[in-house]
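Me: Mind walking through this fold with me? I'd like to start from one strand pairing and work outwards.

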Amino acid sequence: MEKIISASILSANFSRLEQQILECEQAGVDWIHIDVMDGHFVPNLTMGPFIVEHCRKITNLPLDCHLMVEKPETMVRDFFNAGASVITIHPEANPNIHRTVQLIRDLGCKAGVALNPGTSHLMIEPMLDFVDLILVMTVNPGFSGQVFIPEMTKKIQAISELIGKNKDNIHLEVDGGISASNITNVCQAGANAFVSATAIFGHPKGITAGVYDLRQALVK
Ligand code: DX5
Ligand code: ZN
């Protein structure tokens, strides 16, 4: 599976969003990650389909939409219409995860399921035949700039084993506190898609340097 860097615009400078996304694209980012928070499932309020629509006008890169919301099933159609490529939902926010994942796929998007740090990796087992992506949260969802929880590496390994022979069909994505200093480890644990906000948009030398550092650490 190819190694994917997904730049989370949660830490972007929104007064210059277009330039920032274009710089990501030029620096070789693979996906743009959009963190959707509703102020209920997580203690923060961020972006809706409107922002996805704007991103879609700026870039042709896949838009990796991470829905940290209650009742995501009521919103997936709007995100699809806005231009989402991947829609990831949380089972902690949606008891009928199977139905919602089917809806996402029926719309023509890739369907992802995200697990909070406190959620068992076994939660994903019944869904392995139905998902295109599994997202392991390596911080508690809500904010960028938090510290990577090292114990989550075991969970990445466990899920990588569960995926087993399906490795070519299911992305294993990690999100939270990913930097050039831990990306090699999470990659070795089995992850192939890496979300990053701070290490890209908050890099002291700028976006291009941030993406370069992550990519360099990945090829090691
Ligand atoms: C956290 C979000 C992450 C966040 C990552 O709830 O899901 O995507 O933006 O930010 P960093 O890379 O700064 O941890
Ligand atoms: Zn995210």
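Me: Okay, which residue in strand 4 does Asp64 stand opposite?

Reply: This is a predicted model, so keep that in mind throughout. Strand 3 and strand 4 (residues 86–89) run parallel and are joined by 3 bridges. Across that pairing, the residue opposite Asp64 is Val86.

Me: And what does the chain pass through on its way from strand 3 to strand 4?

Reply: The path between these two strands is a β-α-β crossover, and a right-handed one. The element it crosses through is helix 3 (residues 76–82).

Me: What about the other neighbour: which residue of strand 3 is the bridge partner of Ile32?

Reply: Strand 2 (residues 31–37) pairs with strand 3 in the parallel sense, over 6 bridges. Together with helix 2 (residues 49–58), the two strands make a right-handed β-α-β unit. In that pairing, the partner of Ile32 is Leu63.

Me: How many of the residues in strand 3 are buried?

Reply: In a regular strand, side chains alternate between the two faces of the sheet. Here Leu63, Cys65 and Leu67 point one way, while Asp64, His66 and Met68 point the other way, and all are buried. For strand 3 (residues 63–68), then, the count is 6 of 6.

Me: Now the metal. Which residues coordinate the zinc ion (ligand 2)?

Reply: The donor residues follow the spacing H-x1-D-x30-H-x108-D in sequence. Their contacts lie at 2.1 to 2.3 Å from the zinc ion. By name, they are His33 (NE2), Asp35 (OD), His66 (ND1) and Asp175 (OD).

Me: What geometry does the site of the zinc ion (ligand 2) have?

Reply: Ideal angles for six octahedral donors are 90 or 180 degrees. The zinc site has 6 donor atoms, with angles of 70 to 167° among them. Six donors qualify if opposite ones are over 155 degrees apart and all others between 65 and 115. The site is classed as octahedral.

Me: How many residues apart are His33 and Asp175?

Reply: His33 sits in strand 2 and Asp175 in strand 7 (residues 171–175), so the pair links distant parts of the chain. His33 counts as buried because its relative accessibility is 0%, and Asp175 is buried too, at 8%. Along the sequence, their separation is 142 residues.

Me: Last one: which residues are closest to the centre of the largest pocket?

Reply: The largest pocket has a volume of about 260 Å³, and 24 residues line it. Strand 2, strand 3, strand 8 (193–196) and helix 7 (198–201) each supply at least two residues of that lining. Closest to the centre are Phe143, Ser144, Asp175, Gly176 and Gly177.

Terms used: Residues numbered from 1 in each chain as written. Chains lettered and ligands numbered in written order. Predicted model: local features only at pLDDT ≥ 70, side-chain atom pairs only at ≥ 80, totals over all residues. Heavy atoms only, no water. Buried < 20%, exposed > 50% of the residue type's maximum accessible area, 1.4 Å probe, protein only. Helix = DSSP H or I, 4+ residues; strand = E, 2+ residues; numbered from the N terminus. Pairing = 2+ DSSP bridges. Right-handed = clockwise from strand over helix to strand, strands pointing away. Donors = N, O, S within 2.8 Å, 3.2 Å for Na, K, Ca; no water. Tetrahedral: all angles 85-135°; square planar, octahedral: opposite > 155°, others 65-115°. 1 Å grid on protein atoms, 1.4 Å probe; cavity = no way out; pocket = protein on both sides within 12 Å on 5 of 7 lines; lining within 4 Å. Points joined across faces, edges and corners; volume = space filled by probe spheres on them.
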